[in-house]
Amino acid sequence: MQLAIELAARGKGGVNPNPLVGAVIVKDGNVIAKGWHERCGEGHAEVNAFKNAVEENVNVEGATMYVTLEPCSHFGKTPPCAVAIIKNKIARVVIGQMDPNPIVAGRGIKMLKDAGVIVECGLFEDELKYQNRVFLNYVQHKLPWVIMKTAMTLDGKIAAYTGDSRWVSSEESRAFTHELRNELQAIMVGVDTVIVDNPELTCRLQDRKGRNPIRVVVDSTLRIPLDAKILDTSVARTIVATTNRADEKVVEELKSMGVEVIITKQNNKRVCLADLMQRLGYLEIDGLLLEGGASLNYSAITEGIVDEVISFIAPKIVGGADAKTPVAGEGIAKMNDAIELKDIKVSQMGSDIMINGFIEK
C-alpha cells in the first residue's frame, strides 16, 4: 500500500478533478505489476496496472491488488475498474479508503464481493485522506480546496519597509511552492499584487515540466492594467473576478483578450469570495493556491474560504513598523478569538521552517 501511495502521487498535476490513485498487484509475495491514474479521462490506476501486467507478461489470476481508493463501479470516461478486476480474476483486493463520491460510495466494494472477491478496506486511511484532500472536498462539497501560502521573516514581515521582497524564503521553499502550483488547478491573487509585482504566476519545476495553474485575479473595480503579464492567455487560462461596480467597457476589453470575467456578489463593496468559490467549483476547479497580499488573505480567512495554511518562516529579521505582514485587515480584537490551526505539521525546508495546518470550519 505504501508503494501504491507513492505511485498515486505521480498523478499530481494531471488528474484533477479526479482523485490520485495508485495500484499494485502482488502474487506469491512479489510485486508483479503496478499502475497509477496519470491523466484525467485516461486509464485509472487499476487498468494501468493490468496493462503493466501484460507488458511484463505475468499472470494476475489469483493475485492480490492493493489500491489506494475504492475501485469505481460506473461507466464514466472509462469503464468500471471493479469489472476489470473481476474479469482479470483477482482473488483479493485491499483498499486504502472508500470513495465518498455518491456514484461510487461502496458500490465498487459490493460489486467485488458479489463476484466472490475478498475485500479489505481501511489501510493507511489517514495518510490517504490527506493525499486526496482536494478530491474528497470537491466531490462532497463542489468547492475548491483552498491553501493559503505565506512566507515571512522571523519577525513576521513579508517584505522590507521599501517593499522589497526578493527573496524572503529559501530556494527550497520556493521550489515547493511551484510543486503546489503544479498540484492545484488554480492560483489566486489580488489586483494589488498584479499592479505592484506584475507576476506571471506560472509553474516552474526543477526536474520536469509542470502544469501552469489557472490564474484568478480578485479585482472589485477592474483596476488591472491591460498590459499585465497575467492577462496573456496564451500562457495559461486567466479568470478575473469582479463586481457590478466594474466598468463594462473594461469587462468587454478583457473578454476580447480571452480573459474570463466573473461578476460576483458583493461583500462590503468587494468581491464576495464565498460566491467566487461557488463559481469556481461550478467550473470544476477543485483546488486553489492563495498567494494573495495581506488584505486578500484577511478577507479569505474571515469569509471562511481557507481550508489549509502553509507558512514558511525564514531565519531573517528586517524590522520596520510599516513593513507588511502576511495578513492585514481589521484584525482580531481579542487573542481568545484568534483563528487557530489544527493537525499541525512542522518541517524544515532549506533554511526555513514550514508550518502546515488546517482551519477548522
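## Strands 15 and 16

Two strands count as paired here if DSSP finds at least two bridges between them. Strand 15 and strand 16 clear that bar, pairing in the antiparallel sense over seven bridges. Keep in mind that this is a predicted model. One spot to look at in this pairing is V346, which stands opposite I355 in strand 16.

The two strands also make a hairpin, with two residues between them. In the turn you'll find G350, which has a positive phi of about 65°. If you hop from there to A314, the C-alpha atoms of A314 and G350 are separated by 9.4 Å, although the two residues are 36 residues apart along the chain. A314 belongs to strand 14, and at 1% relative accessibility it counts as buried, because anything under 20% falls in that class.

## The sheet around them

Now for the wider picture. The hairpin strands belong to an open sheet of nine strands, in the order 10-9-8-7-13-6-14-16-15 and with mixed pairing. Strand 10 (260–263) and strand 15 (341–349) stand at the edges with a single partner strand each, so one side of each has no neighbour in the sheet. On average, neighbouring strands of this sheet are turned by 20° against each other, direction ignored.

Strand 16 (residues 352–359) has six of its eight residues buried, so the rest of the structure largely encloses it. Besides strand 15, strand 16 pairs with strand 14 (residues 308–314), in the antiparallel sense over six bridges. In that pairing, I313 stands opposite I353 in strand 16.

For the parallel sense, go to strand 7 (residues 186–190) and strand 8 (residues 214–218), which pair that way over five bridges. There, I187 has R215 in strand 8 as its bridge partner.

## A greasy spot on the surface

Which residues form a nonpolar patch on the surface? They are L341, I344, V346 and I353, and together they have about 320 Å² of accessible area. Strand 15 supplies the largest share of the patch, three residues.

I344 is found in strand 15. Its relative accessibility is 45%, so it counts as partly exposed; that class lies between the 20% limit for buried and the 50% limit for exposed.

## Helix 4 and its two sides

Helix 4 (residues 107–114) has three names on its buried list: G108, I109 and L112. Looking down the axis of helix 4, these buried residues fall within an arc of 100°, so they line one face of the helix.

Over on the other side of helix 4, K110 and D114 are exposed. The side chains of these two meet in a salt bridge, at 2.8 Å from N to O. D114 and K110 sit four residues apart in helix 4, about one turn of the helix.

## Salt bridges between separate parts

How many salt bridges does a search of the whole structure find? The count is 10. Alongside the helix 4 pair, two others are worth a visit.

The side chains of K149 and E291 meet at 3.6 Å, N to O. K149 lies in strand 6 (residues 145–153), while E291 is in the loop between strand 13 (287–290) and helix 11 (294–302), so this salt bridge ties together parts that are 142 residues apart in sequence. Are these two partners buried or exposed? K149 has 14% relative accessibility, so it counts as buried, and E291, at 15%, counts as buried too.

R237 forms a salt bridge with E260, and their closest N and O atoms are 2.6 Å apart. This pair links distant parts of the chain, 23 residues apart: R237 is in the loop between strand 8 and strand 9 (238–242), and E260 is in strand 10. With 33% relative accessibility, R237 counts as partly exposed. E260, at 28%, counts as partly exposed as well. Back at K149 and E291, salt bridges that share partners join these two and R181 into one network.

How values were computed:
Residues are numbered from 1 along each chain as its sequence is written. This is a predicted model: local features need pLDDT of at least 70, side-chain atom pairs count only at pLDDT 80 or more; totals for chains, interfaces and linings use all residues. Side-chain values use heavy atoms; hydrogens and water are left out. Axes are lines fitted to C-alpha atoms, for helices over the stretch in contact, and angles run from 0 to 180 degrees between N-to-C directions. Patches are made of residues with over 30% relative accessible area and no salt bridge: like charges are joined within 9 Å, nonpolar side chains (Val, Leu, Ile, Met, Phe, Trp, Tyr) within 5 Å. Accessible areas come from the Shrake-Rupley method with a 1.4 Å probe; for residues, only the protein chains shown count as cover. A salt bridge is a side-chain nitrogen of Lys or Arg within 4 Å of a carboxyl oxygen of Asp or Glu. Buried means under 20% relative accessible area, exposed over 50%, partly exposed in between (1.4 Å probe, protein chains only). The arc is that of the directions from the helix axis to the C-beta atoms.
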